[in-house]
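Work through the exercises below with the model open beside you. Try each task before you read its solution.

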Amino acid sequence: MTETTKTPVPDAVPTPTPALRGLIPLPAAAARALLLAGGIATAASAFLAWTWTAEFPGDLTINGYPGGLQWLTFTAGVLTALFALASYGIRGLGWLLPARNNAPLALTALGGFTVTWFTVIAISANLGGVVNLEPGGWIAAIASLLPVLGAFALPQERTGTDGTKEAIKAYVAKPDRIPAAQAIAPWIQRAVITVVTIIGLGVFTYGIDTEYGELFIGYLFVVTFAMWAVHTAGLMDRFSALVAANRSFTLAMGFAAAIAFPFTQTDDHYANIGVNILIFGTVALGLNIVVGLAGLLDLGYVAFLGVGAYTAALVSGSEFSTISGVHLPFWASALAGAAASLVFGVLIGAPTLRLRGDYLAIVTLGFGEIFRIAVNNMDGDSGPDVTNGPNGIANIPDLNFFGFNFGQAHDIGGFTLGRFANYYLLMVLIMAIVVLVYTRAADSRIGRSWIAIREDETAATAMGINGFRVKLVAFALGAALAGLAGTVSAHVTYSVVPTPYQFAGSTPPNSAFLLAAVVLGGMGTVAGPLLGAALLYLLPEKLVFLQDKSLLAFGIALILLMRFRPEGIIANRRRQLEFHETGQLDVPKQTTLTDEPAVTKAGA
């Protein structure tokens with residue numbers, strides 16, 4: 001047998017194929033110059049006054065200093081200029097465009113154009129016409145249009161990306177397979193992860209701290225286009241390779257950033273938003289086991305959150321509890337809430353999990369409604385006196401854990417942590433436990449069985465997997481995690497009432513929002529449901545000014561995201577391949593076991 005020659009590892013940066021023509025007939029050099037000049041002009045326009053009155057929030061009346069939405073225009077302009085300089089091959093900026101394409105330039109330019117024109121239109125609408133715009137506002141609108149024209153005049157290359165991901169992984173994890181000059185030292189990898197974590201914490205904190213709806217919408221525009229540009233530039237793939245080579249360090253940095261969040265806040269209201277996001281995210285992560293791993297559509301999952309919350313409320317010493325005199329410590333009430341939800345998960349799952357698809361979804365939807373109606377009628381009149389009916393269980397005392405009262409402010413290292421910050425840190429600890437349970441379960445034998453059931457239950461059963469038992473374990477584990485989060489939710493809100501535990505509503509938590517968080521964030525991932533939960537909790541919180549139109553805006557955003565990224569914001573690789581054709585992704589060419597190109601039947 002002759003020895004085959006292995007295909008060499010491709011370069012970390014793919015070689016672009018011949019370029020296509022731009023949408024606007026303009027020489028490439030002129031288009032690139034227009035893009036760079038427009039990005040600089042857009043950033044500079046933020047230092048001009050855009051309106052004459054301070055009635056528009058953010059005070060855009062000052063020359064020489066940006067305010068409010070002008071900071072977002074400045075950020076978008078700087079990003080556009082940086083990507084434009086990188087396209088020129090400026091030394092030290094080449095790493096910004098590893099894919100060597102022009103898509104990031106167009107996306108950052110669109111981000112600056114969108115946030116600038118949104119601000120100009122908002123000023124005109126809120127103040128009563130374009131007459132309220134100062135010359136700076138007109139200059140900003142024109143300046144933000146220039147890089148868009150330049151970007152669309154550039155040819156949009158279709159880069160040859162076959163094998164790119166494998167090359168990047170080799171570039172990071174196996175430097176012995178590439179020239180030594182290209183190897184990334186481990187300390188540099190960790191430094192990059194640390195910097196990205198700090199930037200992520202800053203961006204998230206800024207989003208929560210936005211004081212009015214227009215600023216939050218502008219923030220969403222800039223972040224969306226910036227992340228899209230980073231992805232198309234190939235930076236996301238490189239960072240993913242760094243994360244894969246430093247999983248433990250990345251996880252530690254993520255939790256360090258989460259712990260640092262309350263220390264960046266001076267308003268306890270934002271810490272309240274943070275703790276509710278973590279509660280919502282924990283429940284979504286539990287649902288991700290059921291939906292994302294096992295492929296079971298559960299439309300009544302919020303009921304398990306309610307079971308945990310009501311259990312904790314009954315045994316935590318509330319004067320309105322029907323179980324008088326019972327006041328368990330937190331660890332006991334948390335275990336009781338998780339155990340009660342697990343039992344309900346088994347009781348509901350045992351007779352119903354032999355169903356599949358839409359039939360299972362209808363049954364779980366019925367269970368969610370039955371739970372809400374049942375606790376609403378357990379008031380001593382319509383049923384047994386257990387939950388106080390519509391009035392719920394109020395005056396749930398704050399936790400007192402080893403002498404640490406969560407209801408009181410505490411000074412730590414010169415920082416004052418209020419009540420919600422205390423519960424936030426508790427939820428970070430619980431989140432760490434939930435993430436550990438999720439990752440261990442997903443990587444275990446039972447986790448592989450869940451994935452097999454999700455992909456094809458009939459084939460999995462034929463291979464010897466007990467489908468019913470595997471699905472019941474997923475249902476029970478997901479219910480227990482939701483119940484654990486419910487125990488903290490009961491203490492944070494001081495009371496438990498039946499109203500939130502429904503299928504759909506204008507605010508979370510409800511089953512529809514939980515399912516949307518998993519789907520939007522990315523099924524089968526850890527960070528996806530957490531990101532989805534953060535977005536879905538922040539949107540109703542920040543878009544109050546839209547009033548009854550907030551759900552319409554959310555629906556439009558949902559349709560657009562499902563159209564352009566159906567696998568979710570943070571995609572599982574397997575699901576990404578399911579939703580896209582092979583030619584649309586960086587999918588390596590199929591090879592044989594000897595790494596030779598696969599021979600098709602036509603060419604055999």
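The exercises go from the whole chain to single residues, pairs and one helix.

**Exercise 1. The whole protein**

Task: Describe the predicted model in outline, giving its helices and strands, its buried share and its exposed area.

Solution.
- Step 1. Keep in mind that this is a predicted model.
- Step 2. Count the elements. The protein has 21 helices and 4 strands.
- Step 3. Look at burial. The protein has 604 residues, and 46% of them count as buried.
- Step 4. Turn to the surface. About 29000 Å² is exposed, and 65% of that comes from carbon and sulfur atoms.
- Step 5. Check how far contacts reach along the chain. Take the contacts with a separation of 6 or more: 75% of them join residues 24 or more positions apart.

**Exercise 2. A patch on the surface**

Task: Find the nonpolar surface patch that includes Ile62, then decide how Ile62 is classed.

Solution.
- Step 1. Name the members. The patch consists of Ile62, Tyr65, Trp71 and Tyr206.
- Step 2. Give the area. Together these residues have about 390 Å² of accessible area.
- Step 3. Place Ile62. This residue sits in the loop that runs between helix H1 (28-45) and helix H2 (69-87).
- Step 4. Class Ile62. Its relative accessibility is 35%, so Ile62 counts as partly exposed.

**Exercise 3. Two residues of one helix**

Task: Locate Tyr424 and Val434, and find what each one touches beyond its sequence neighbours.

Solution.
- Step 1. Place Tyr424. It belongs to helix H14 (residues 419-442).
- Step 2. Class Tyr424. Buried means under 20% relative accessible area. Tyr424 has 5% relative accessibility, so it counts as buried.
- Step 3. List its partners. Leaving out residues up to four places away in sequence, Tyr424 touches Ala258, Phe261, Pro262, Ala271, Gly274, Val275 and Leu278.
- Step 4. Look for a polar partner. The Tyr424 side chain reaches the backbone oxygen of Ala258 at 2.8 Å.
- Step 5. Compare sequence and space. Tyr424 and Asn276 are 148 residues apart in sequence, yet their C-alpha atoms are 8.2 Å apart.
- Step 6. Move on to Val434. This residue also lies in helix H14. Its relative accessibility is 0%, so Val434 counts as buried.
- Step 7. List the partners of Val434. Neighbours within four places aside, they are Thr282, Leu285, Leu481 and Leu484.
- Step 8. Repeat the distance check. Val434 and Ala482 are 48 residues apart in sequence and 9.8 Å apart from C-alpha to C-alpha.

**Exercise 4. Charged pairs**

Task: The structure holds 4 salt bridges. Describe those formed by Arg372, Glu455 and Lys471.

Solution.
- Step 1. Recall the principle. Side chains of opposite charge can pair when their charged atoms come close.
- Step 2. Start with Arg372. Its side chain meets that of Glu369 in a salt bridge, at 2.7 Å from N to O.
- Step 3. Place this pair. Both residues lie in helix H13 (residues 357-377), 3 residues apart, which is about one turn of the helix.
- Step 4. Class both residues. Arg372 is partly exposed, at 26%. Glu369 is partly exposed too, at 24%.
- Step 5. Go to Glu455. It forms a salt bridge with Arg454, and the closest N and O atoms are 2.8 Å apart. Glu455 is partly exposed at 37%, whereas Arg454 is buried at 17%.
- Step 6. Finish with Lys471. It forms a salt bridge with Glu457, the closest N and O atoms being 3.0 Å apart. This pair links distant parts of the chain: Lys471 is in helix H17 (residues 467-493) and Glu457 in helix H16 (residues 457-462), 14 residues apart.
- Step 7. Class the last pair. Lys471 is buried at 2%, and Glu457 is buried at 16%.

**Exercise 5. One helix and its cover**

Task: Work out the span of helix H7, and say which elements cover its buried residues.

Solution.
- Step 1. Get the length. H7 covers residues 213-233, which is 21 residues.
- Step 2. Check the span. From first to last C-alpha, H7 reaches 30 Å, close to the 30 Å expected at 1.5 Å a residue.
- Step 3. Pick out buried residues. Among them are Leu215, Phe216, Ile217, Tyr219, Val222 and Phe225.
- Step 4. Find the cover. It includes H2, helix H3 (103-127), helix H6 (186-209), helix H8 (235-245) and helix H19 (527-542).
- Step 5. Look just past the end. Gly234 follows H7 and takes a positive phi of about 95°.

How values were computed
Residues numbered from 1 in each chain as written. Predicted model: local features only at pLDDT ≥ 70, side-chain atom pairs only at ≥ 80, totals over all residues. Heavy atoms only, no water. Patch = residues over 30% accessible without salt bridge, like charges linked within 9 Å, V, L, I, M, F, W, Y side chains within 5 Å. Areas by Shrake-Rupley, 256 points an atom, 1.4 Å probe, with all protein chains shown as cover. Helix = DSSP H or I, 4+ residues; strand = E, 2+ residues; numbered from the N terminus. Buried < 20%, exposed > 50% of the residue type's maximum accessible area, 1.4 Å probe, protein only. Contact = heavy atoms within 4.5 Å. Polar contact = N/O pair within 3.5 Å; in protein donor to acceptor, adjacent residues only side chain to side chain. Expected span 1.5 Å × (residues − 1).
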